[in-house]
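User: Hi! I'd like to go through this model with you, one question at a time.

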Amino acid sequence: MKVAVFSTEPYDRQFLDAANPSIPGDRELVYFDTRLEPKTACLAADFPAVCVFVNDDVGAETLNILSEGKTRLVALRSTGYNNVDLETAVDLGIKVVRVTDYSPYAVAEHVVGLIQSLNRKIHRAYNRVRDDNFSLNGLLGFDLHDRTVGIIGTGRIGRIFAQIMHGFGCHLLGYDPYPHPEFEALENARYVEFSEVLSQSDIISLHCPLTEDNYHLINSDAIAQFKPGTMLINTSRGQLIDTKAAIAGIKSGQIGYLGIDVYEQEETIFFRDLSDTIIQDDTFQLLQSFSNVLITSHQGFFTREALTDISRTTIESIAAFQQRDPLKHELTRPEKVPV
Ligand code: NAI
């Protein structure tokens with residue numbers, strides 16, 4: 001079976017090519033650098049399966065073109081699926097699978113990297129020392145011990161992050177519409193209302209999926225409830241934060257530090273080398289200009305262990321589809337998530 005694999009980089013090909021032969025079935029993986037979107041969907045004509053990543057546009061228009069080209073499976077190499085119009089996929093009879101079970105340590109540990117880089121200003125210290133500037137002025141940080149960390153979304157990644165921060169001696173406040181007993185089983189961890197996470201935390205980290213109900217979850221109203229100088233971290237999805245409100249929060253001092261691995265308009269920026277071009281996104285450029293903002297380009301998942309898991313699960317799902325076996329990681333019609 002031919003599989004059109006979109007948005008591929010050398011590392012995707014390396015890990016998928018390693019996983020493919022180890023799983024029974026005959027599959028030809030055809031790699032495309034380009035992202036899947038309405039104008040590229042015709043590339044998948046006569047491919048029974050397509051394989052996509054976080055910034056591919058699997059909306060209604062794309063799905064209709066895929067359906068006309070006889071595609072019957074969309075395999076996501078990600079856990080998040082906000083880029084897929086599930087209603088339309090189900091209506092068209094296109095099955096959608098995702099990767100539910102890959103290393104949650106990858107993202108959780110990246111969050112800790114962002115927190116400590118911002119706190120101890122490691123990104124700035126690195127540049128200073130390279131410039132033979134050994135002054136400590138401006139590099140003052142704080143102990144994580146005894147700080148309060150708010151975790152919005154206590155699923156797989158949020159709970160691993162909670163365990164790590166527990167190790168630092170932090171107090172943990174969780175908010176999740178579907179609480180998990182394992183979170184509260186941690187010493188110093190308790191669930192509270194959303195507003196209490198906002199108003200009581202020194203560090204707030206977002207670990208919930210993007211849904212129709214939580215677009216701009218962190219907006220100007222939410223930021224107004226922060227303690228002045230709060231550190232805000234987002235490794236989940238860019239649209240959870242209203243970037244313009246965050247910029248206003250940075251200027252006013254409500255946000256003392258911002259660490260993001262995801263950005264609202266990242267589709268046209270992340271995963272590419274744009275060093276020879278002029279970036280047209282003024283909001284992104286303004287964000288980059290603040291020294292207390294640290295941006296990474298959606299690399300939370302990017303560990304050897306996670307890529308191995310992602311590739312294996314993706315190929316297993318495609319193989320199951322090929323053999324008409326039940327699909328373990330199939331997505332069905334979206335359910336409304338209460339906020
Ligand atoms: P998960 O499904 O295990 O946990 C998500 C949790 O969020 C669930 O407990 C759910 O009840 C909760 N939730 C849903 N809506 C909420 C809301 N409005 N407020 C608070 N909590 C809410 O997902 P997992 O594996 O922990 O991943 C979390 C998110 O991390 C993914 O949805 C994805 O957006 C992001 N992610 C980012 C990666 C990166 O490379 N930066 C890689 C993998 C995931």
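User: How much area do domain 1 and domain 2 bury between them?

Analyst: Happy to help! This is a predicted model, in which local features need pLDDT of at least 70 and side-chain atom pairs count only at pLDDT 80 or more, while totals for chains, interfaces and linings use all residues. Residues are numbered from 1 along each chain as its sequence is written, and side-chain values use heavy atoms, leaving out hydrogens and water. Buried area is the accessible area (1.4 Å probe) that two parts lose on being put together, summed over both. With 48% of it on carbon and sulfur atoms, the area buried between domain 1 and domain 2 is about 1,000 Å².

User: Which three residues supply 49% of the area that domain 1 buries against domain 2?

Analyst: The domain assignment, automatic or from a database, gives domain 1 as 2-102 + 303-331 and domain 2 as 104-295. In contact (heavy atoms within 4.5 Å) are 13 residues of domain 1 and 9 of domain 2. More of domain 1's buried area comes from this trio than from any other three residues: N55, N82 and Y102.

User: Which residue offers a polar backbone atom 2.9 Å from a nitrogen atom of the ligand?

Analyst: Polar contacts here pair N or O atoms within 3.5 Å. The side chain of H180 places a polar atom 2.9 Å from a ligand oxygen, and a side-chain N or O atom of N214 is 3.4 Å from a ligand nitrogen. The backbone partner is T235.

User: How many residues surround the ligand?

Analyst: A residue counts when one of its heavy atoms lies within 4 Å. The closest are Y102, I157, D176, T235 and D261, and the total is 26.

How values were computed. A polar contact is a pair of N or O atoms within 3.5 Å; within protein, one must be able to donate a hydrogen and the other to accept it, and residues adjacent in sequence count only if both atoms are side-chain atoms.
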